[in-house]
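Good morning, and thank you for coming. I would like to take you through the ligand site of one model, and then through its enclosed spaces.

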Amino acid sequence: MSHFRIGRRGLVLGGAAAFLPLPAEAKENWQRLGEDVRSEMRWAWGQYRARAWGKDQIMPISGGSESFSIKGKHLGLSLIEALDTLWLMELDTEFQDGVDWIKGNLDFDVDGELSVFETIIRIVGGLLSAWHACGDPVLLARAKDLSDRLMPSFEASPLGLPHRYINLRTGALRGPETNPAEIGSCITEFGTLSRATGDPRYVNAAKKAMVSMYERRSKIGLLADKIHCMTGEWKSRRATIGPPSDSYYEYLWDAWQLLGDRDCLDMYRVCTAAILKHQSATLDGRLWFVDVDFETGARINWEQDELSSFYGGLLAQGGDIVPGEAYTRSWDRVAREFGILPEGYNPETGGTAYKTNDLRPELADAAFNHWLLDRRFVWREVIARHYRAMKQWNKAPYGYAVMADVTTKQQGDHCPGYWWSEQMKYYWLAFADAKRFDYKRNYLSTEGNVFLGLKK
Ligand code: DMJ
């Protein structure tokens with residue numbers, strides 16, 4: 001997520017008074033908090049380096065490792081996800097160590113199946129942001145090789161809608177029943193690749209998929225969350241801003257932000273107006289976005305998915321500041337109530353809808369985007385609370401761990417790859433006044449990969 005081209009920022013920050021810290025803000029030593037984040041990153045990287053080097057994911061309780069997608073086969077997922085975070089933190093030895101591993105070991109000629117969506121946002125995106133950081137052409141070549149292996153998933157459908165899974169060596173496809181996020185979250189990765197290689201095939205495929213999805217919206221402007229990629233037939237009636245639709249909306253905006261794509265901006269506006277009209281709902285003074293029937297707008301339930309908490313930041317970026325801020329505040333209150341966010345929350349009962357905590361970045365992501373827009377202290381506070389709760393509850397012997405139950409604070413032996421790319425970066429950028437980041441003109445992808453705004 002990102003922003004530039006937002007003239008409104010000049011207005012919000014126009015007066016010198018806007019920069020004067022409030023007394024409470026002045027009390028917090030942001031620089032020191034930033035240093036703390038950096039030292040946690042260095043510690044976690046050291047654990048990964050010692051116990052799981054080149055593996056997809058470290059197991060932070062046992063010190064073992066696990067593959068992400070292909071059983072028994074590792075593609076250095078966490079390492080790739082971590083690279084631009086390390087670079088922004090000026091952990092240059094660690095960064096170069098990771099780049100050297102890629103150059104010496106990473107080979108995508110694998111007889112195994114990967115998720116097209118996860119591979120693009122995590123691995124293609126991670127390689128491209130690392131390439132932006134250091135300019136090593138091998139990183140770009142690896143991103144291109146991997147993308148070429150994924151392209152048949154887009155090309156097989158007459159509608160341009162990708163299958164969910166592809167075998168990297170054989171190109172065999174699986175998973176024709178797919179969803180908005182997996183269809184439409186690659187235009188900034190593929191747009192960056194097209195710019196870098198001069199080959200428009202990537203961005204064209206991404207755009208075709210997004211438009212094809214959009215054209216299937218209902219008369220009231222909503223998308224359902226399951227569709228057949230060969231026929232375009234809807235396989236569900238549920239419209240949601242959460243998974244598996246979430247980053248489709250994010251990338252409509254992002255395509256405008258990073259690539260200046262006006263069609264995507266128009267599609268973003270239409271989708272957002274429909275969501276605000278049919279899915280926003282207030283309960284006990286708190287704003288939520290509920291799942292509804294995509295043709296009638298009838299509410300399905302009140303349950304909220306933590307993954308949706310990115311949406312307040314997106315709304316604010318698009319100019320819908322009031323609902324955006326209200327929604328982020330709703331999630332921050334849940335985080336305060338439980339000490340840490342559960343995967344699912346039920347506003348009707350005030351209890352959890354799912355008790356786990358998957359070490360997720362979305363609330364920090366939203367608050368970071370609000371903060372980039374208006375630099376208000378409240379957002380830094382939200383991010384600091386998110387960081388401190390994570391440090392208190394998710395820290396394990398060999399890294400940071402998910403939580404099996406937020407009510408008992410019992411941890412689980414798993415550290416997802418996005419942890420390296422997302423929240424550690426948001427914390428660092430929000431607290432540290434990072435020298436290597438352009439706070440005015442930047443773009444961070446849905447996975448937190450920086451495609452614009454790295455300052456050499
Ligand atoms: C990340 O992989 C991306 O942010 C994605 O869009 C959905 N959420 C996960 C992290 O929770």
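**The ligand and its surroundings**

We begin at the ligand, where one of its oxygen atoms lies 2.8 Å from a polar side-chain atom of Glu 422. Please bear in mind that this is a predicted model. Two further glutamates deserve attention. The side chain of Glu 362 places an N or O atom 2.6 Å from an oxygen atom of the ligand. For Glu 447, a side-chain N or O atom is likewise 2.6 Å from a ligand oxygen. As for burial, the ligand has 290 Å² of accessible area on its own, and the protein covers 90% of it.

Which residues are around the ligand? Besides the glutamates just named, they are Ile 121, Arg 122, Leu 307, Arg 360, Pro 361, Tyr 418 and Thr 446. By class, this shell comprises four nonpolar, one polar and five charged residues.

Let us widen the view. The ligand sits in the largest pocket, which has a volume of about 560 Å³. Lining that pocket are 31 residues, and those closest to its centre are Phe 117, Glu 118, Asp 246, Leu 307 and Arg 360. Leu 307 and Arg 360 also belong to the residues around the ligand.

Which helix gives the most to this lining? It is α6, with four residues. At least two residues each come from α6 (116-134), α8 (180-183), α11 (246-259) and α15 (362-374). The pocket lining divides into 13 nonpolar, six polar and twelve charged residues.

I turn now to the cavities. How many of 30 Å³ or more does a search of the whole structure find? There are two. The largest cavity holds about 90 Å³ of space. Its lining has 14 residues, with Phe 68, Ser 69, Leu 75, Leu 114 and Ile 123 closest to the centre. Here again α6 gives the most, with four residues, and β4 (113-115) supplies at least two. Six of the lining residues are nonpolar, four polar and four charged.

The second largest cavity has a volume of about 30 Å³. Among the residues that line it are Tyr 48, Tyr 398, Tyr 400, Trp 419 and Trp 420. Two or more residues come from each of α3 (30-51), β18 (399-400) and α17 (418-421), and α3 gives the most, with three. Its lining has eight nonpolar and two polar residues, and no charged ones.

To close, I return to α6, which gives the most residues to the lining of the largest pocket and also to that of the largest cavity.

Conventions. Residues are numbered from 1 along each chain as its sequence is written. This is a predicted model: local features need pLDDT of at least 70, side-chain atom pairs count only at pLDDT 80 or more; totals for chains, interfaces and linings use all residues. Side-chain values use heavy atoms; hydrogens and water are left out. On a 1 Å grid over the protein atoms alone, a cavity is a set of points where a 1.4 Å probe fits but cannot get out, and a pocket is an open set with protein on both sides within 12 Å along at least five of seven lines; lining residues have an atom within 4 Å of a point. Grid points are joined across faces, edges and corners, and a volume is the space filled by probe spheres set on the points. Ala, Val, Leu, Ile, Met, Phe, Trp, Tyr, Cys and Pro count as nonpolar, Asp, Glu, Lys and Arg as charged, and the others, Gly among them, as polar. A residue is near a molecule or strand if one of its heavy atoms lies within 4 Å of it. A polar contact is a pair of N or O atoms within 3.5 Å; within protein, one must be able to donate a hydrogen and the other to accept it, and residues adjacent in sequence count only if both atoms are side-chain atoms. Accessible areas come from the Shrake-Rupley method with a 1.4 Å probe; for residues, only the protein chains shown count as cover. A molecule sits in a cavity or pocket if more than half of its atoms lie within 2 Å of its grid points.
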